[in-house]
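Please look over the sequence and the structure shown below, and then read the short report that follows, which is about charged side chains and one helix.

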Amino acid sequence: MALTQTSTRRAEAPVRTHEIVIIGGGIAGASVAYHLAKLGKKDIAILERHQLTSGTTWHAAGLIMQTRGTHALTEIAKYNAELYATLEDETGQATGFKQNGTLGVARTKDRLHETARAASVAKSFGLEAHMITPKEAQGIFPAIDPSILEGAVYIPKDGQTNPIDTCMSLVAGARRQGVKVSENSEVKSLWRIASGNYQLRTAEGVIECEKLVLACGLWSRDLAAKLGACVPLYAAEHFYVVTGAMNEATPKLPVLRDTDGHVYIKEDAGKFLVGAFEPWGKALPMAGLPKNTPFIELWEDWDHFELPMTSAMEILPTLQTAEIARFFNGPESFTPDLLFMVGEVPGLKNCYVSTGYNSEGIEFGAGAGRALAEWIAAGEPQMDLSFVNVARFHRFQVNETYLKDRTPEILGLHYKMHWPHYQPITGRGARKSTLHDRWADLNASFGEGMGWERPMWFAPKGKSTENIYSYFEPNWYEHTAAECKAARETAILLDQSSFGKHLIQGRDACKFLQHLCTGNVDVTPGKLVYTHMLNDKGGIETDITVNRVSENEFIIISSATVQPRDENWIKRHLTRDLHVTHTDITSAYAVLSLQGPNSRSILSQVTNAGLSNEAFPFATSQEIDVGYARVIANRLTFVGELGWELHIPTEFAQGVFDVLWEAGQEFGLKPAGYHALEHLRSERAYREYDLDLTPVDTPLEAGLGFTIAWDKEGGFKGRDALLVQRDAGPLKKRLVMFKLQDPKPLLFHEELILCDGEIVGYISSGVKSFTLGTSIGMGYVACSEGVTKDLIDTSTWEIEIAGERYAADASLGAFFDPTGKRVKG
């Protein structure tokens, strides 16, 4: 993410110019170039500082796996097999690709359940994924020891490829389309000029381009920094060994993934290659790498590799006597959240990245390269890439100490259990609310969101706050249930200081927001407007609340986890002709959310402001006195109860907390965390961005048409696309709410939705409703005939969890308080 709008430098006379320059000749750069050429872009140059593939591509394991744990990632990953299967025929360059399948084994019942959930995701895409017994797994891979397994998944169309040959095949395809490739062409410096173009200094001279793509792996961070951009990457050592020739290593064996053992094993020319994503990786500072060296190999470390190698010998006993012909250790780059980065760098128009593949460049390179090429060609993403968009990161996340501490855990997360609501244990304590110690005194279990330490749940005094994760009943459920009960019956206090807060000012502020927002924000000061900002296709880019403070002053509230992305979306639409400024005021205010039937009674004890429906209507804002402070009180809720969100100048927050907490005791006030917030908002079917709302979902599809001001003067961005959708008849895709009839199974996300036995979607977010006594969730349903109330009412609905189907009720509205009566108090 850019720290500031990067200043420009004086232009120099270029020796050549191109529309697009891609820095990096590995799989990431080659894939982007290949797909841009396929889209008709011809004036492209690849600059590689050494030889093609010589960064990290050359030592990749070349594993091909189409199925991932989420639908969004599977959509990208599944393209690899489609492309690599035909690439050699197209380019004449061999790839070494073979579809020998993947065998993913599970040593525990929890892992088997997680594996079955991923196999369900595969069904959505028509991918074969067979859950099999340990004995059946041995039939596919005879040398394994089935006695240590609970089961396995076999995906026959997965496989492996030769990384160098595959990359060279993509380059060959790009060259055929006119792409110029320059090896031994190091970019020594780069800058932006007044025209908006980029100039790069190489040994050849200065090269100029309109669009720039940084695809140079772990070197991308430092190169981006030369442009003032933040690309959070850090290197780690990645290990594998290759055995001598072994009779058991036959060419048709599938790739073996033993994630409980932290290893993968593949046949490699009659030998076994054993690679690892050990539980705790080894971070590697850039200063620890050989300077200006291609094909880097690092030192052996058998002490570090002992645990995964021991596990490999357990699952494949024949390795106990195998000769080790080679120990390999090479650098790979990792991001703070184990997701790669693509997209336009904030603050740098036409500067894109494709990097941070977390040792999975071969697996994601094809799909990510195509997606970024489409983005560059069209000017905006053509699929949902919000979860891998480089704009998702906060500025602090490029901090090297943070990255060094976080990276070892991130590498290990590849093969650790992917528990719902997992909280990282590294890089913690970066950002704390001024109320943090108050919550700690109340025995909060903290989680992390965009660096913020936030209470997730509260344990009784003297009890442990450690998380015990589960797909069945996490240990915090009993405590979260009590918090939800308090919200519905008495009152709760939540710390939402991590909200993103954007101050928009200037004489054109209203005009600017009217164009960007679907709702009418030209309202009287003190009115709150729930609204969205859309892309040109009508997809939701931001999910926000706008508070008009004065004629030329607005405060936008957004979710903490998307605050940097929302800031980027707002700022990229600011133009020089507008008298508008944006200021991030997130840290200026702490936020206490007082919610529940008794919230009015509690707040009335500490303020003289009128709090009746007449004096303080829903969706309005007032400045009121609370204790010694003057606070912005917004009458809003995200839990479906009477309540207020109090925006308190940071230095006053502790005093406000103290008086509220004291006043609330006689009214049953309890502390509540973000787990309770998630369960409560789901009961009222409130949507959450990144889960239920994404750039490929429109407000109409999300059931949020009531937020749209269709006839406001001047319209709004995305209106034309929405008009077409509105006038086309019944929606072909619609967010639907579900409630399981069986109270035992749990919903989290990604579970399949079936209508009359056919897969029609998946759960975007789900929880156990402690109020309703069963699991509920929401997800988009697709139907070519239209998703109508009649379809909802007359169809048989089921949700598939890890291969098991459960009957469900469906509704277009919330199952709890569908009319919103409780909110109005």
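With which residue does Lys-282 form a salt bridge? In this predicted model, the partner of Lys-282 is Asp-301, and their closest N and O atoms are 2.7 Å apart. Lys-282 sits in the loop between β15 and β16 while Asp-301 sits in the loop between β16 and α8, so the pair ties together parts that are 19 residues apart in sequence. Lys-282 is partly exposed, at a relative accessible area of 21%, whereas Asp-301, at 16%, counts as buried, because buried means under 20%.

The structure holds 49 salt bridges, including the three pairs in this table.

| Pair | Closest N to O |
|---|---|
| Lys-282 and Asp-301 | 2.7 Å |
| Arg-681 and Glu-678 | 2.7 Å |
| Lys-733 and Glu-701 | 3.4 Å |

Lys-733 lies in strand β34 and Glu-701 in the loop between α17 and α18, so that this pair links distant parts of the chain, 32 residues apart. Glu-701 is buried, with a relative accessible area of 9%. In addition, Glu-19, Lys-41, Glu-210 and Lys-211 are linked in a network of salt bridges.

The pair Arg-681 and Glu-678 lies within helix α17, where the two residues are three apart, about one turn of the helix. Arg-681 is buried at 0% relative accessibility, and Glu-678 is buried at 14%. Ten of the ten residues of α17 are buried, so this helix is largely enclosed by the rest of the structure. The buried residues of α17 pack against β22, α12, β23, β36 and β37. Just after α17, Ala-685 takes a positive phi of about 60°.

Definitions and conventions:
Residues numbered from 1 in each chain as written. Predicted model: local features only at pLDDT ≥ 70, side-chain atom pairs only at ≥ 80, totals over all residues. Heavy atoms only, no water. Buried < 20%, exposed > 50% of the residue type's maximum accessible area, 1.4 Å probe, protein only. Helix = DSSP H or I, 4+ residues; strand = E, 2+ residues; numbered from the N terminus. Contact = heavy atoms within 4.5 Å. Salt bridge = Lys/Arg side-chain N within 4 Å of Asp/Glu carboxyl O.
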